[in-house]
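I opened the notebook to look up cores, empty spaces and cysteines in this model. The entries follow in the order in which I went through them.

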Amino acid sequence: MSSVSTAGTAPTTPGTSPGQAAEPAKTEPDAPPAGAFDAAAVYRDLHANPELGFEEHRTSGIAAEHLAAAGFTVATGIGGTGVVGTLDRGDGPVVLLRADMDALPVEEATGLDYASTATTLDASGTSRPLMHACGHDVHTTCLLGAAYSLAADPGWTGRVIAVFQPAEELGRGARAMVADGLFDRFGTPDVVLGQHVAPLPAGVLGVHDGPAFAASDSLRVTLHGKGGHGSRPETTHDPVLMAASFVVRLQSIVSRVIGGSDVAVVSVGSLHAGTAPNIIPDHATLELTVRTFDPAVRETVLATIERYARAEALAAGSDREPTVEPIESFPAVVNDPDACGILRGAFADLPGVMVVDPGVVTGSEDVGILARESGAPCAYWLLGGSDPRHFAGASTIEEVAAVVAGLPSNHSPHFAPVTDPTLRVGVAALTAAARRWLG
Ligand SMILES: [Zn+2]
Ligand SMILES: [Zn+2]
């Protein structure tokens, strides 16, 4: 089954936008009964119609429509395009379930019949393709399915807060919702729960205690030199050479500056300088991402980047200090060990599901902000989304890990979670986890 049968009447899926793949007709024998929430159809529709962070107008409309159909009280426009659904059953625990909704500027290459052909115009007016390459369409669909399941279950008390968050990829959506009164208006949760689809086998859930997702800091570094003719470098302070040297020196942070048991990633994702072969430009601009798990390591890495930038300027004889600007920053996701224990208990009861410890992930997630700002423990897990057929013959953890390493990762133009059993397990995991707290 690739669907969730629930009480309540699900709204029909809105039509696709002009120029985008039409929703394939549901003819599978396992199609849900008329009126039930059809997770696969909703997922395919969201996948075909991705929207960037803070532009999730269509997606948030779909989320709001389903939440209302399930019987939730719905508030829209929270922190921009965020949606909050609350379902109150009197005194009892308050459980926050979180899904993110935004997509990425990636040109889809999956070849799926529901692949995105959507585009958007960037700031310069250039058309850019869009894709749900991180699987936030899976998260949105699964949380809607869980909302229907929890609404149909009369056996709990307390409050469910279903949070559909914008702009996770920008690292700003969770903050925007908190700043817009998320906890003041809808209640402070006793636990923050959520999941991220990953290339693990579908049917597998990954739970890791403690720091689970890295803190992320993105920086823009501008090295200022002195421009001039390419034939007369002695009259210049060459920022291209400064940038090249800076990139090489950055590699020593992980190998030489932090301890052997500490973890960090420093990557330069963009480097721009100059306009022509025979002109030495007057500045070079680099954009970096830094991932860490320990606040002290984070401080060391960020301070070292700044020191190295200043050192390059000094070495080149530049009389202008480099500028180091933060682009985005979000904290590590630290899973509460007690909450993870409760999760494992909930997941152990799910048929056909295997729970593994995936270790730490150097990817980042702003769900940690919801936990930190509310003071609630966080339990955030990985949801396997890869076709189990890829793993035929892999019998050890090492063999499974080797297969995962060869599959398209999140943010790849080829990232294509299978709908079944991914959606079914994702809905069941959220529902079962919430029920453990709701009693
Ligand atoms: Zn992502
Ligand atoms: Zn993501």
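**Pocket.** The model is predicted. I began with the lining of the largest pocket and sorted its residues by class: 21 are nonpolar, 14 polar and 12 charged. That makes a lining of 47 residues, and those nearest the centre of the pocket are Leu-104, Glu-169, Arg-291, Glu-328 and His-411. I noted a volume of about 1,300 Å³ for this pocket. Next I asked which elements give two or more residues to its lining. They are β4 (119-121), β7 (191-201), β10 (215-224), β12 (264-273), β14 (283-292) and β15 (323-330). The largest share, 5 residues, comes from β7.

**Cavity.** I then looked for enclosed space. The count is 1 cavity of 30 Å³ or more, and the largest cavity has a volume of about 40 Å³. Its lining consists of Gly-206, Val-207, His-208, Ala-212, Phe-213, Asn-335, Pro-358, Gly-359, Val-361, Tyr-380, Trp-381 and Leu-382. Two or more of the lining residues come from each of β9 (210-213) and β18 (378-386), and β18 gives the largest share, 3 residues. By class I have 8 nonpolar and 4 polar residues here, with no charged ones.

**Cores.** In soluble globular proteins, nonpolar side chains tend to be buried together. I looked up where that happens in this model. The largest nonpolar core has 57 residues, and Leu-97, Phe-164, Leu-193, Leu-205, Leu-343, Phe-347 and Trp-381 have the most contacts inside it. Helix α11 (residues 422-438) supplies the largest share of this core, 10 residues. A second, separate core has 32 residues, including Val-94, Leu-96, Cys-378 and Tyr-380. Trp-381 thus appears in my notes both for the largest core and for the cavity lining, while Tyr-380 appears for the second core and for the cavity lining.

I picked Leu-193 for a closer look. Which residues does Leu-193 contact, leaving aside neighbours within four places in sequence? I listed Val-95, Leu-96, Leu-97, Arg-98, Leu-343, Ala-379, Trp-381, Ala-433, Ala-434 and Trp-437.

**Cysteines.** How many disulfides does a search of the whole structure find? The search finds 0. I checked why Cys-378 has no partner: the closest cysteine sulfur, in Cys-340, is 8.2 Å from its own, too far for a bond. Cys-378 is also buried, with a relative accessible area of 2%. I entered Cys-134 as buried too, because its relative accessibility is 7% and the cut-off for buried is under 20%.

Methods:
Residues numbered from 1 in each chain as written. Chains lettered and ligands numbered in written order. Predicted model: local features only at pLDDT ≥ 70, side-chain atom pairs only at ≥ 80, totals over all residues. Heavy atoms only, no water. Core = buried A, V, L, I, M, F, W, Y, C linked by side-chain atoms within 4.5 Å. Buried < 20%, exposed > 50% of the residue type's maximum accessible area, 1.4 Å probe, protein only. Helix = DSSP H or I, 4+ residues; strand = E, 2+ residues; numbered from the N terminus. Contact = heavy atoms within 4.5 Å. 1 Å grid on protein atoms, 1.4 Å probe; cavity = no way out; pocket = protein on both sides within 12 Å on 5 of 7 lines; lining within 4 Å. Points joined across faces, edges and corners; volume = space filled by probe spheres on them. Nonpolar A, V, L, I, M, F, W, Y, C, P; charged D, E, K, R; others polar. Disulfide = S-S within 2.5 Å.
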